[in-house]
Amino acid sequence: MEAAALLAWKASLDNQSQSLLSSWVVGSNHCNWIGIGCKKAGRVITHIDLESYGLRGTLSNLNFSSLPHLLSFALTNNSAYGTIPSPIGSLWRLTHLSLSANRLPGIIPPEIGQFSNLKTLELHQNQIGSIPEEVGMLRSLVDVELSTNSLIGAIPTSIGNLANLTTLYLHENHLSGSIPDEVGLLRSLVDLNLANNSLMGAIPASIGNLVNLTTLYLHGNHFSWSIPEEFEMLRSLVDLELSTNSLMGAIPASIGNLAKLTTLYLYDNHFSGSMPEEIDHFSGSIPEEMGC
């Protein structure tokens, strides 16, 4: 069943791709095929890793329901095109999904909500257009990388359910609206990158709850109001980039309490007042490129 499903998918790919999968032939041991990993007992397929093989075709002809034991599916850096098919949701045992650096358009199918064991979701560098609310059902997620796509609309509030998340990359998209307060529930988060979108409004004070955060990239958006005083609670922060927004008001003196901070970018905003003395190595008036 598993081998037949993969052979049918191979036949749907272009001729060059089929030649690259020359070991995939009828009658041979599918556990010895290139890119295929099996669990020894029963020879069931648990891993498909075809990263950077130069494959061209769609996923629509892959019968996902014939791969019930699959734990990892990696098709990164190929030329896959067409939408991500809804039946992919049948891979309920999946812990790692990487379809990055392809040509996948459309939406992330809501059926991904069935991936209750998924820890890594890598779909960056495609043409994907929206994040479904069902992403909040993926309670095991540790790493979400959806950057450099065509994402529009708001960041779903359900993202606050992902209590184990350590990495959230949504940069280089067209996301709009405000950052939901629920982001402050992601207390395991270490890296948050929302840069270069069309996000607006105030930066939520709830971000101050992210005490494990080491990098916070919010540059290249339309954030207004002031920097929340709650940033002083981000004692693990190493890199803070808020440049190229519409932030205003005074720069909080509490930023000077972030002892681990090595990078602070605030340029291209509308700050007023003086640089707080608490921020070492700089005092005096706000530089022109940071002020009005």
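**Two annotated spans and a domain interface**

In this predicted model, residues 2-38 are 46% helix and 8% strand, and their end C-alpha atoms lie 11 Å apart.

User: Which UniProt annotation covers residues 2-38?

Analyst: The span with 46% helix and 8% strand is residues 2-38. The UniProt record, an unreviewed entry, names residues 2-38 "domain: Leucine-rich repeat-containing N-terminal plant-type".

User: How far apart do the end C-alpha atoms of residues 151-272 lie?

Analyst: UniProt, in an unreviewed entry, lists residues 151-272 as "domain: Disease resistance R13L4/SHOC-2-like LRR". The span is 0% helix and 25% strand. Its end C-alpha atoms lie apart by 34 Å.

User: What distance separates the centres of domain 1 and domain 2?

Analyst: The chain is divided into domain 1, made of 1-124 + 133-145, and domain 2, made of 152-291. Taken over C-alpha atoms, the separation of the two centres is 36 Å.

User: What area do domain 1 and domain 2 bury between them?

Analyst: The two domains touch through 11 residues of domain 1 and 11 residues of domain 2. Carbon and sulfur atoms carry 54% of the area buried between domain 1 and domain 2, and the total is about 1000 Å².

User: How many residue pairs are in polar contact between domain 1 and domain 2?

Analyst: Salt bridges do not contribute across this interface, where the rule finds zero of them. With both residues at pLDDT 80 or more, the count of pairs in polar contact between domain 1 and domain 2 is eight.

User: How many residues on the side of domain 1 that touches domain 2 are charged?

Analyst: The residues on that side of domain 1 include five nonpolar and two polar. The charged residues there number four.

Conventions. Residues are numbered from 1 along each chain as its sequence is written. This is a predicted model: local features need pLDDT of at least 70, side-chain atom pairs count only at pLDDT 80 or more; totals for chains, interfaces and linings use all residues. Side-chain values use heavy atoms; hydrogens and water are left out. UniProt positions are given in the numbering used here, feature names are shortened, and annotations may be inferred rather than shown by experiment. Helices (H or I, at least four residues) and strands (E, at least two) are DSSP runs, numbered from the N terminus. Domain bounds come from an automatic or database domain assignment. Contact means heavy atoms within 4.5 Å. Buried area is the accessible area (1.4 Å probe) that two parts lose on being put together, summed over both. A salt bridge is a side-chain nitrogen of Lys or Arg within 4 Å of a carboxyl oxygen of Asp or Glu. A polar contact is a pair of N or O atoms within 3.5 Å; within protein, one must be able to donate a hydrogen and the other to accept it, and residues adjacent in sequence count only if both atoms are side-chain atoms. Ala, Val, Leu, Ile, Met, Phe, Trp, Tyr, Cys and Pro count as nonpolar, Asp, Glu, Lys and Arg as charged, and the others, Gly among them, as polar.
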